[in-house]
Amino acid sequence: MKDELERESKWEVDPACTLPTLDDLVPESRVEITQVELTSTYFDTPDHDLLAQNVTLRRRAGADESGWQLKVPQADGRVELTAALSDDLPRELAELVTGVALGKELAPVTTIHTVRTRHRVFGADGELVAEVDDDTVHTTPAEQDADPLDWREIEIELGPQTDTAPTVLVDRLIQAGARPSTYPSKLSRVLPARSGPKISTDAERAIYDYMTAQIDTMFAGDIALRRGENPIHDTRVASRRLRSTLRVFGKLLDTSAIADIEDELKWYAGLLGEVRDCQVQRRHLADKISELPLELVLGPVATRIDTTLLSKQLTSRKELAEAMNSPRYLTLLATLREWKSNPPLGPRIKGRKLVQRADRAARKADRRLAAALEDQRDESLHRARKAAKRARYAAELHAPVRERAQAKSNIKHYKQIQRVLGDHNDSVVSAAFLWRTATAAGTAADENGFTFGLLYANEKHAAADAREKIAEIAAAR
């Protein structure tokens, strides 16, 4: 299975529009023109769950583009994953969209026939600058009550070394009557769009936009995890932000709609955390070992630590993969997917209420920190860290309805507390791990506990430094 980053823009044009000149977009360029016919059958669930996440899966026949293609959104475009042409949907592609499809069966939803005049613009060095496709499109809907559609559009796909479409090309298209398309894909033009949520106030919009951003991150992380990538951190943070939103602003939401979801998000974040914590510890302790003078590293300390943590990480990663195919996880995704269309908002929410709930989270974080600084217990500092995270996330959410400077100040303050207490927690966890590992290493051949003890002492000092720093931050507030 191949993958390729696709960065393109779509333009609507009238049937009589004349494509502008392309042979002088860059100095010493040349244009290669070919024409192809493409027939693409798109697959989705009956509820169009893939399309709802801007994911497209199609079986394409035609010229050099025949095969199965899965397009997945990314920050800088879409990744196109391809598999060889076959009658049946390749298993590897079907598995990648299990989460996005919510475990539902996939079936053809429409067939799109395109007559494409392809213009490939090459620079003087022979590198592809851009591909400009002039498409005449005809659709054959899978649903019996849907009408066929015909239109013409222009696609600009950037070459590997091209950051943005040449300005002269964009200007000429606009002069020729082209308009940026309101549809991100051909499929989105054909299938009926889901009705959007009813948003009455700025506060409701703030909640909806924040929650939707986290849900989209979790769905993107689902596909990335199934591809074997490592979106653990971003996915875990998104699940925590959602859970924090339910805790802090729960009384402003529909309690029947959010029932039990906080616990389910905690469960999933915990699975992600088992993997993430090993990743963090491996990197953290590898850095600490590399900082030691060579004469103080006695025996295979680095190997012992990394092997122990990697074994746990792989076991946790396997458990996560198994959970991601469970009915429990797919039910959680289905609920989050429904929230994008029908957010769990309570009766008309006002900005004042949002600010009050966020301020309450901030006061709680301040009390937790003061109590932790008083008793100096690791458990109390960990609880203060979690409260600071909730205060930070609440500040992020309600920023659109609060005075900008105050919101930014709160976000910065609680993020700093979260970071310092996070360093403290990392040192506490690492110290405990080093103590356990040292007891085994001390009895093994060719190993001793000296370096482990040194690392342990350093982690204890780092934890103490973090406690001093957090006390200074609290005093300066």
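This tour moves through a predicted model in a series of selections, from paired strands to packed helices and then to two loops.

**Strands 3, 4 and 7**

Begin by selecting strand 3, residues 30-44, together with strand 7, residues 107-122. The two strands run antiparallel and are joined by 15 bridges. Now add strand 4, residues 56-61, to the selection. Strand 3 pairs with strand 4 over 5 bridges, again in the antiparallel sense.

Two residues of these pairings deserve a closer view. Centre first on arginine 30, whose bridge partner in strand 7 is phenylalanine 122. Display the side chains of both residues: the charged end of arginine 30 sits over the ring of phenylalanine 122, at 4.4 Å from the ring centre. Arginine 30 and phenylalanine 122 are thus linked by a bridge and by the placing of a charge over a ring. Then move to tyrosine 42, which has arginine 58 of strand 4 opposite.

**Helices 8 and 10**

Next, select helix 8, residues 261-290, and helix 10, residues 327-341. Two packed helices are described by the angle between their axes and the distance between the axes. Here the angle is about 125 degrees, and the axes are 11 Å apart. An angle of about 125 degrees lies between the 115 that ends the roughly perpendicular range and the 145 above which helices count as roughly antiparallel; helix 8 and helix 10 are therefore oblique to each other. The crossing of helix 8 past helix 10 is left-handed.

**The aromatic cluster**

With both helices still shown, display the side chains of Trp267, Tyr268 and Tyr329, which form one aromatic cluster. How many aromatic pairs does the structure hold? There are 3. One of them joins tryptophan 267 to tyrosine 268, with 6.5 Å from centre to centre and 45 degrees between the planes, a tilted arrangement. Tyrosine 268 also pairs with tyrosine 329, and this pair is tilted too, at 4.9 Å centre to centre and 45 degrees between the planes. Because tyrosine 268 belongs to helix 8 and tyrosine 329 to helix 10, their pair ties together parts that are 61 residues apart in sequence.

Is tyrosine 268 buried or exposed? Its relative accessible area is 0%, so tyrosine 268 is buried. Tyrosine 329 is buried as well.

Add arginine 328 before leaving the cluster. Its charged end sits over the ring of tryptophan 267, 4.1 Å from the centre of that ring.

**Histidine 284**

Follow helix 8 to histidine 284. This residue counts as buried because its relative accessibility is 18%, and the limit for buried is under 20%. Select leucine 242 as well: the C-alpha atoms of histidine 284 and leucine 242 are separated by 28 Å, while the two residues are 42 residues apart along the chain.

**Two loop residues with positive phi**

Most residues other than glycine have a negative phi. The last two selections depart from that pattern.

Select glutamate 28, in the loop between strand 2 (8-12) and strand 3. Glutamate 28 is not a glycine, yet its phi is positive, at about 55 degrees. With 69% relative accessibility, glutamate 28 counts as exposed.

Finish at leucine 102, in the loop between helix 2 (91-96) and strand 7. Leucine 102 likewise has a positive phi, of about 60 degrees, without being a glycine. Is leucine 102 buried or exposed? Leucine 102 counts as buried, at 13% relative accessibility, whereas glutamate 28 counts as exposed.

Conventions:
Residues numbered from 1 in each chain as written. Predicted model: local features only at pLDDT ≥ 70, side-chain atom pairs only at ≥ 80, totals over all residues. Heavy atoms only, no water. Pairing = 2+ DSSP bridges. Helix = DSSP H or I, 4+ residues; strand = E, 2+ residues; numbered from the N terminus. Phe/Tyr/Trp six-rings, centres within 6.5 Å; stacked < 30°, edge-to-face > 60°. Buried < 20%, exposed > 50% of the residue type's maximum accessible area, 1.4 Å probe, protein only. Lys NZ or Arg CZ within 6 Å of the ring centre and 35° of its normal. Axes fitted to C-alpha atoms, helices over the stretch in contact; angles between N-to-C directions. Parallel < 35°, antiparallel > 145°, perpendicular 65-115°, else oblique. Left-handed = near helix turned anticlockwise from the far one by under 90°.
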